[in-house]
Amino acid sequence: MGTRTMTWAQASARRLARSGLAARVAPEGGREVDGGSAGGSSPDAGSPGGTRGPGPADGAPADGGPAGGLPDGTPAAVLRTLCGAQAQVLSAAELSVGMRIPGATRADVRRALWDDRTVVKTFGPRGTIHLLPAADLPLWTGALGALPAGSGNGGGTLGLLTRGQADAVVAAAADALAHAELTVDELTDAIAERAGSWAADPVMEAFQTKWPRWRAATALAAHRGALCFGPNRGRKVTYTSPQRWLPGFTPAAPDEAPGALLRRYLYAYGPATPQDFARWLAAPAGWARDLFAARAKAAEIEPVELAGVPSWVVAGDVAAPAEPPRGVRLLPYFDAYGIACRPRELLFPGRAYERALAGGQAGNFPVLLIDGEAAGVWHQRRSGRRITVTVEPLDRLPAPRRRELEAEVARLGEIMEGRAELTVGRVEVGPHA
């Protein structure tokens, strides 16, 4: 049997469904409802009985739906299916998660993070701040901690620390944070006390100032399971131990975790290539090729041709929806769909590649998504409870699309606990740094 093929439209519809971004559908005689949530219990479109998502331990299909054992329709379940939500703009991550749970607001995401502690804020793929399911911390730290040293995933130290110094920083941070929530200044003192005064040397360039040397290993420490974010103390960030989010926490085995993470990624964003996966992680391309080859040899993944490009999916996960991608969505800064889905020139076709990307980099603009493809940009400005949403479509919106957009703006207001008003016009704000 030859390699299966999948069109771009099929891949887009499948990814939309799994990302909780499928079009809203109207039941008979009723009002429009959401077409499903990421991490929900509804089956994937186009697959008889549905295709279940990766389970909590190993990334393989498991009973319990895409949430893989997490309660359906919760922030943690959504984050598992998305492979995390980038969160250096925390309000954008709250919107990313909230839009994928019918009826949810940002308060539900905050409660899961700071009260229930089913969600954790830490450094994830690409060394960037992410929200992840607390239950998945062993998998994520096992996988990220196994990435080659010095790659762009946060495993490097910018040439400011030797390997021995980096190890000392990680150990000192783990000890200092075991039973505490410390601000950056407090953690600097604690690490310097345990590792040596060199750790506090102000040598790291940052925002027209210089940070202490140890901070070059912040993401590395998170990837090794030594720290995560704690609740803010006023306007100051704090760090603490992942043990406080997940008692008994220990990173998963480094020889198993990368393969499990690959299967999670392919379930959400496949078909994909080793180069796609490497870019998503900011990992070396050769390392990714070797991982794909090993998982293919173990019959955990299988080849699929996507729009003429040799790609891969989880073994047996080849179903594609019968219906084309449909719907209007407003993706906030750094939404997982815009960052992880590739090929990027198909996700951002024509003028969208120039307008909705920043030098080819996704996430720096909030994106108007129509039928699974970027079709414009948008921006929100808040004053009290009033939220002014300016949307710049790249093409004229027919009346039905305008109504879908109005519904999406209204939903945005609900999630952000405000009153949203739509303006269609030019977005003057530049890309986020």
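**Fold, cores and largest pocket of the predicted model**

Residues 24 or more positions apart account for 64% of the chain's contacts with a separation of 6 or more. The model is predicted. Its secondary structure comes to 15 helices and 16 strands. The chain has 433 residues, and 55% of them are buried.

In soluble globular proteins, nonpolar side chains tend to be buried together. In this model, the largest nonpolar core has 123 residues. Those with the most contacts inside this core are Tyr239, Tyr269, Phe277, Trp280, Leu281, Leu330 and Phe348. Helix α9, residues 257–269, supplies the largest share of the core, with eight residues. A second core is separate and has six residues, among them Met6, Leu306, Val313 and Ala320. Phe348, in the largest core, was examined further. Leaving aside neighbours within four places in sequence, Phe348 is in contact with Gly338, Tyr353, Ala356, Leu357, Ala362, Val367 and Ala374.

Helix α9 also holds Arg263. Arg263 has a relative accessible area of 10% and is therefore buried, the cut-off being under 20%. The side chain of Arg263 makes a polar contact of 2.5 Å with the side chain of Glu300.

Helix α5 spans residues 137–144 and is mostly covered, with eight of its eight residues buried. The buried residues are Leu137, Pro138, Leu139, Trp140, Thr141, Gly142, Ala143 and Leu144. An α-helix has 3.6 residues a turn, so residues three or four places apart point the same way. The buried residues of α5 pack against strands β3 and β4. They also pack against helices α8, α9 and α10, the last of these covering residues 274–281.

Strand β4, one of the partners of α5, runs over residues 129–133 and contains Leu131. Leu131 counts as buried because its relative accessibility is 0%. Beyond its neighbours within four places in sequence, Leu131 is in contact with Leu79, Gly84, Ala85, Ala87, Leu90, Ala93, Val109, Leu113, Val119, Val120 and Lys121. Leu90 lies 41 residues from Leu131 in sequence. In space, the C-alpha to C-alpha distance between Leu131 and Leu90 is 8.8 Å.

His130 is found in strand β4 too. At a relative accessible area of 2%, His130 is buried. Its side chain reaches the backbone oxygen of Thr128 at 3.1 Å. Not counting residues up to four places away in sequence, His130 touches Gly84, Ala85, Gln86 and Ala87, among others. Further contacts of His130 include Val120, Lys121, Thr122, Gly124 and Pro125. Gly84, Ala85 and Ala87 are also among the contacts of Leu131, as are Val120 and Lys121.

The model was also searched for open space. Rolling a probe the size of a water molecule over the atoms shows where empty space is left. The largest pocket has a volume of about 1,100 Å³. It is lined by 35 residues, and the closest to its centre are Gln88, Phe123, Gly127, Thr128 and Ile129. Five elements give two or more residues to the lining: β3 (119–123), β6 (202–206), α8 (218–223), β8 (228–233) and β9 (236–240). Strand β6 gives the most, with three residues. By class, the lining has 19 nonpolar, 10 polar and six charged residues. Two of the lining elements, β3 and α8, recur among the elements against which the buried residues of α5 pack. Thr128, listed among the residues closest to the pocket centre, carries the backbone oxygen reached by the His130 side chain.

How values were computed. Residues numbered from 1 in each chain as written. Predicted model: local features only at pLDDT ≥ 70, side-chain atom pairs only at ≥ 80, totals over all residues. Heavy atoms only, no water. 1 Å grid on protein atoms, 1.4 Å probe; cavity = no way out; pocket = protein on both sides within 12 Å on 5 of 7 lines; lining within 4 Å. Points joined across faces, edges and corners; volume = space filled by probe spheres on them. Helix = DSSP H or I, 4+ residues; strand = E, 2+ residues; numbered from the N terminus. Nonpolar A, V, L, I, M, F, W, Y, C, P; charged D, E, K, R; others polar. Buried < 20%, exposed > 50% of the residue type's maximum accessible area, 1.4 Å probe, protein only. Contact = heavy atoms within 4.5 Å. Polar contact = N/O pair within 3.5 Å; in protein donor to acceptor, adjacent residues only side chain to side chain. Core = buried A, V, L, I, M, F, W, Y, C linked by side-chain atoms within 4.5 Å.
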